[in-house]
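I opened this notebook to keep track of what I looked up in the model, one topic at a time. The entries follow the order in which I checked things.

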Amino acid sequence: MSLGRIVIVEDETPIREGVAAALRAAGYEPVEAPDGPSGLAAARQPGVDLVLLDLMLPGLDGLEVLKQLRQTHATLPVIILTARGTEDERVAGLGAGADDYVVKPFSARELVARVEAVLRRSPERPAAVGILLLGRTRVDLQRREVRSGDGPAQSLSETECAILAHLAANPNRAISRDELLTRLWGLAPSGIETRTIDMHVARLRSKLSGDDSDKTEKFIITVRGSGYMLGPDVQSPASSGRGDSAGARS
Ligand code: CA
């Protein structure tokens, strides 16, 4: 098992291959992309932990890749690879949502240290949420079932669990349909497929509310114009304090 999958978007082959070799030696799984469009597509695949992004790229420049990536992956760690003396680029990159930058030429050791540091503080690797509670309703994401009070357990589909797990791992922000789509299926956002997300959420809500139609919107709330968010009253007993912070943002 690797320490993490890392996409390297870099058009200069020797640099890209050198970075890939260094990451592989350090226990990571590198994925190489030689231009902007293929880099954006690779970064949006499920299972990516971090992106190393050159700025001067054919097809789509690095800043544009970063802006488009941020529309679907608000918190995926991105480290910019930049040439020395281009402070404006560096500032623009951080302004566009990069987590860090490394100045070329860099040593393999320096790069791996930066990758480790950024991954350590990444919200993309939250503690896995196992149990969600709302009143007498209990969701077990590992066993993929929901139970209301002493009632019978109802099973949840893999997709329904994945939606809930992603919402639970990001309790403080609204998750867009596009983000769910790319996260769950690795698809580029499109108007038609985002409706599939709404259908899954509707089915999920009906399972979560059981017979209590009052509860339909409490587990997953709709944030107008933004997407979905876990309701402020949903508790996750494995992660103490989450319920408190959630209460303040409704
Ligand atoms: Ca370049």
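Entry 1, strand pairing. In this predicted model, I began with strand β4, residues 78-83, and found that β4 pairs with β5 in the parallel sense over five bridges. To have one concrete register point, I looked up I80 and noted that its bridge partner in β5 is Y101.

Entry 2, the whole sheet. I then followed the pairing outward and arrived at an open sheet of five strands in the order β2-β1-β3-β4-β5, with parallel pairing. The edges are β2 (29-33) and β5 (100-104), each of which pairs on one side only. For the twist I noted an average of 20 degrees from one strand to the next.

Entry 3, a helix on the sheet. I looked up what helix α5, residues 108-120, lies across, and listed β1 (5-9), β3 (50-54), β4 and β5. Relative to β5, helix α5 runs at about 175 degrees.

Entry 4, the calcium ion. Which residues coordinate the calcium ion? I recorded D11 and D54, each through OD, and M56 through its O atom, at 2.1 to 2.3 Å. Along the sequence, I wrote the spacing of these donor residues as D-x42-D-x1-M. I also asked myself whether D54 and M56 are buried or exposed. D54 has a relative accessibility of 4%, so D54 counts as buried, the cut-off for buried being under 20%. M56, in contrast, has a relative accessible area of 62% and is therefore exposed, since exposed means over 50%.

Entry 5, a helix pair. I turned to helix α2 (residues 36-43) and helix α3 (residues 62-72), which pack at an angle of about 25 degrees with their axes 10 Å apart. Because angles under 35 degrees count as roughly parallel, I entered α2 and α3 as roughly parallel to each other. The crossing in which α2 passes α3 is right-handed. At the contact, G36, L40 and A43 of α2 meet V65, Q68 and L69 of α3.

Entry 6, the chain as a whole. Last, I collected the overall values: the secondary structure comes to ten helices and eleven strands, and buried residues make up 46% of the 250 residues in the chain. For contacts between residues at least 6 apart in sequence, I noted that 55% join residues at least 24 apart.

Terms used
Residues numbered from 1 in each chain as written. Predicted model: local features only at pLDDT ≥ 70, side-chain atom pairs only at ≥ 80, totals over all residues. Heavy atoms only, no water. Pairing = 2+ DSSP bridges. Helix = DSSP H or I, 4+ residues; strand = E, 2+ residues; numbered from the N terminus. Axes fitted to C-alpha atoms, helices over the stretch in contact; angles between N-to-C directions. Contact = heavy atoms within 4.5 Å. Donors = N, O, S within 2.8 Å, 3.2 Å for Na, K, Ca; no water. Buried < 20%, exposed > 50% of the residue type's maximum accessible area, 1.4 Å probe, protein only. Parallel < 35°, antiparallel > 145°, perpendicular 65-115°, else oblique. Left-handed = near helix turned anticlockwise from the far one by under 90°.
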